[in-house]
2 protein chains.
Amino acid sequence: MRPTLHAALAAALLATPVAAQIPDDARVRQALAYAARVRQALAYAARTEPRTIDEQVAICEIEAPPFKEARRAADFRRRMEAAGLRNVRIDSVGNVIGERPGEPGQPVIVVSGHLDTVFPEGTDVRVRREGTLLRGPGIGDDCRGLAVLLAVARALDDAQIRTRGTVLFVGTVGEEGAGNLRGVRHLFETELRGRVTHFISVDDTGFEMTKDAVGSYRYRVAYKGPGGHSYSDFGVPNPVHALGRAIARIADLQVPAEPKVTFSVGVVEGGTSVNAIAAEASMLVDMRSVAPAALDSLDRRFHAAVRQALDDENARWPASPVRLTVDVERTGTRPAGTQPADAPIVRAALAAGRRLGIEPHLTPSSTDANIPISLGIPSLTIGAGGKGEGAHSLAETWDSQGSEKGTQWVLLLVLGLAGVR
Amino acid sequence: MRPTLHAALAAALLATPVAAQIPDDARVRQALAYAARVRQALAYAARTEPRTIDEQVAICEIEAPPFKEARRAADFRRRMEAAGLRNVRIDSVGNVIGERPGEPGQPVIVVSGHLDTVFPEGTDVRVRREGTLLRGPGIGDDCRGLAVLLAVARALDDAQIRTRGTVLFVGTVGEEGAGNLRGVRHLFETELRGRVTHFISVDDTGFEMTKDAVGSYRYRVAYKGPGGHSYSDFGVPNPVHALGRAIARIADLQVPAEPKVTFSVGVVEGGTSVNAIAAEASMLVDMRSVAPAALDSLDRRFHAAVRQALDDENARWPASPVRLTVDVERTGTRPAGTQPADAPIVRAALAAGRRLGIEPHLTPSSTDANIPISLGIPSLTIGAGGKGEGAHSLAETWDSQGSEKGTQWVLLLVLGLAGVR
């Protein structure tokens, strides 16, 4: 289904003064009839922002370590129900889904935040407030996004707005690191397969906006052999030496500046003693780009480098009966993808921002939106307002000054995509 | 002073039957006069071997972790005094030294064992006996050597043997690993500087014999930079990549087969996260040879490789303001050296072995003897009998079957070098 576009609606609604920019469009006339209600929803969002922040804190004080989001998910399910969403459920991988139904045949918009944090079990997740500043691990990334989803649902209800499209509110699992986007993957592969026409991830803070998905391949590569003594067993292939050869080849890989393609050996480890030939030496490798073809080209050359290093180290000691082996394990895949700068969903988000005096800052990133972007589904990741610092660190903070604009931005964008009836 | 050689004495003493092989030599005639006493000493060593083993166990049950040999040293001092040695003392680095004086102007023989183990503080060092098998960390390496020193001193006293040369019994500190031979170094640089004519290290078990000192240089090399994010900071030199370049160069260094020269990058570590450019990446490197010139040649090429890798990684990113640095720390130096296969001290040890039915096995190794060998002082490291397994592991065992031959071998070699009067 080609998604119906309601971006013009939002743009019209948000222009000031509205009357001066009315296109000759039935949808816009209809929209104007609803302008008062939309304004009411925006006002509600601003007025109840303190409650939204309280909810942000309450969510944040429930731990949600990687792969252990269940407690926060159960709580979020109750909060979705309290916010008036329908058919609230937790799917088979742990995503929380609540619905605000629209008309049949109209767009289906997913607006999501992610439940998981990067923090391990046992982290002190209590939130401390100092004026407008909140301190707590995860307070911005992504307790803010989760709280905004609930605020948007309540604002729509308060203003009695009915949308043409269906809006699905989702708290996803597995956005961070090793989670490898398993929550959002499940949505598009199984749970909501073929239904979703637009996807918005409300992730992190400020007014950042991502239309281009930085894809990544991650690997663990381990060279292995029998090991031995550095002196008495000298003359056999050495796994650390093979690893070094691989890294040296990777270090010299050539990549284009545009589209940006990156590679990094982030972690190396191997060996237990200066005077022993290690039995194993390994590295963690990260490769990224927004361009799938460029990423795949790099990936092929990476594999060739890993293999050549093995062959070179084995060939260095032709008389040795020892032959090293290499294990290459792909530990993460985030698909890449780009969208045009003038894609309707991008224009809608910029228009909504302009109405609120927001200047969104476009940055390629790696988020839940990678999955739908790679599938060609119009998608964005946008910040949820306020000012975050130190995401992924225990010292994470979030300043709520002006944060209601974040809530309003999400509200307007959802309305623009779903359409009002 | 050119050391006086008394090896012929031992050879003569040990031939069977003695009368059939008497060279026309005043010293040998003199020796024959003492043959009965020497035989008495050998018999005493055999008869009291159970006591020697008890002492080996008692020594071993006192912990002696690296750099923390003091408790075992204090105990060993008391044992030396009880064995009748004179002027027993602990020097400024912790070596225990006891004397058996000879005549002025005659050889000065050091016979030593090492006090330290590789085991950290808190290791369970209790020894369990199962028939002739003893289980305990350090039981062979080198509690056996220490116990044999005491047995030799007692056997000489029991047989009322006076030697021409002075015999210095020494328990050294710092033989293992990071100890970097600091005990024996101190002996030859300070404590006994210029006095010692022969050096015997009684180290480990069996009838191994080392005349060639495997020298080693050990390094920790660390490449450093500011680090950063693998995607957003891409385009700067990467310390892990510099490390890989260095290892790849080291892996291709060419070395001769004879004299044997070896190199190994034993340990690599760096980085904390797959998606971060590490701030530091390091390696531990071990290079060895019995040939000082070959080792120094390798060392120069190693340093060049480390430097070239830094330059190459920095040059890979000419537009980056980031420049990596490298720290090269030498963490260990053991000087190399060789002695002729027919050196008098080697012949003396082989002759003593033959008398006892021992077939010593010659192996280059890295031991306390490295220091005197590198100074041109006739020196050996020899095993102390019995059969050890799993040295440097918690599962170390030592089987005492026939171990009295180890005690006798040391006794005869010392007599051969010191001469009897």
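Two strands pair if DSSP finds at least two bridges between them. With that in hand, here are some close-ups of this predicted model.

**View 1. Strand 8 meets strand 15 in chain A.** Strand 8 covers residues 208-210 of chain A, and two bridges join this strand to strand 15 of chain A. The two strands run parallel. If you would like a residue to zoom in on, try A:Met209, whose bridge partner in strand 15 of chain A is A:Leu362.

**View 2. An open sheet of eight strands in chain A.** Step back from that pair and follow the strand order, 1-2-6-3-7-16-8-15, in which the pairing is mixed. Which strands are the edge strands? They are strand 1 (86-90) and strand 15 (361-362) of chain A, and each pairs on one side only.

**View 3. Helix 6 lies across four strands of chain A, namely strand 2, strand 3, strand 6 and strand 7.** The helix spans residues 143-158 of chain A. Beneath the title's names are these residue ranges: 96-100 for strand 2, 108-114 for strand 3, 166-172 for strand 6 and 198-202 for strand 7. Relative to strand 6 of chain A, helix 6 runs at about 155 degrees.

**View 4. Strand 9 of chain A pairs with strand 13 and with strand 14.** Strand 13 (residues 280-289) of chain A is antiparallel to strand 9, with 10 bridges between them. Strand 14 (residues 325-334) of chain A is antiparallel to strand 9 too, over nine bridges. For landmarks, look for A:Ala222, whose bridge partner in strand 13 of chain A is A:Ser282, and for A:Arg220, which stands opposite A:Glu329 in strand 14 of chain A. Why is strand 9 of chain A largely enclosed by the rest of the structure? Eight of the 10 residues in this strand (residues 215-224) are buried, so the rest of the structure largely encloses the strand.

**View 5. Helix 3 and helix 5 cross in chain B.** Helix 3 takes in residues 49-60 of chain B and helix 5 residues 143-158 of chain B; their axes come within 8 Å and cross at roughly 135 degrees. The two helices of chain B are therefore oblique to each other, and their crossing is right-handed. Among the residues that meet here are B:Ile53, B:Gln56 and B:Cys60 in helix 3 of chain B, and B:Leu146, B:Leu150 and B:Arg154 in helix 5 of chain B.

**View 6. Chain B superposes on chain A.** The operation is a rotation of 179 degrees with 0.0 Å of shift along its axis, and the RMSD is 0.1 Å. That is the relation of a two-fold axis. The copies meet through the same surface, because 100% of the interface residues of chain B are also interface residues in chain A.

How values were computed:
Residues numbered from 1 in each chain as written. Chains lettered and ligands numbered in written order. Predicted model: local features only at pLDDT ≥ 70, side-chain atom pairs only at ≥ 80, totals over all residues. Heavy atoms only, no water. Contact = heavy atoms within 4.5 Å. Axes fitted to C-alpha atoms, helices over the stretch in contact; angles between N-to-C directions. Buried < 20%, exposed > 50% of the residue type's maximum accessible area, 1.4 Å probe, protein only. Least-squares fit on C-alpha atoms with pLDDT ≥ 70 in both. Parallel < 35°, antiparallel > 145°, perpendicular 65-115°, else oblique. Left-handed = near helix turned anticlockwise from the far one by under 90°.
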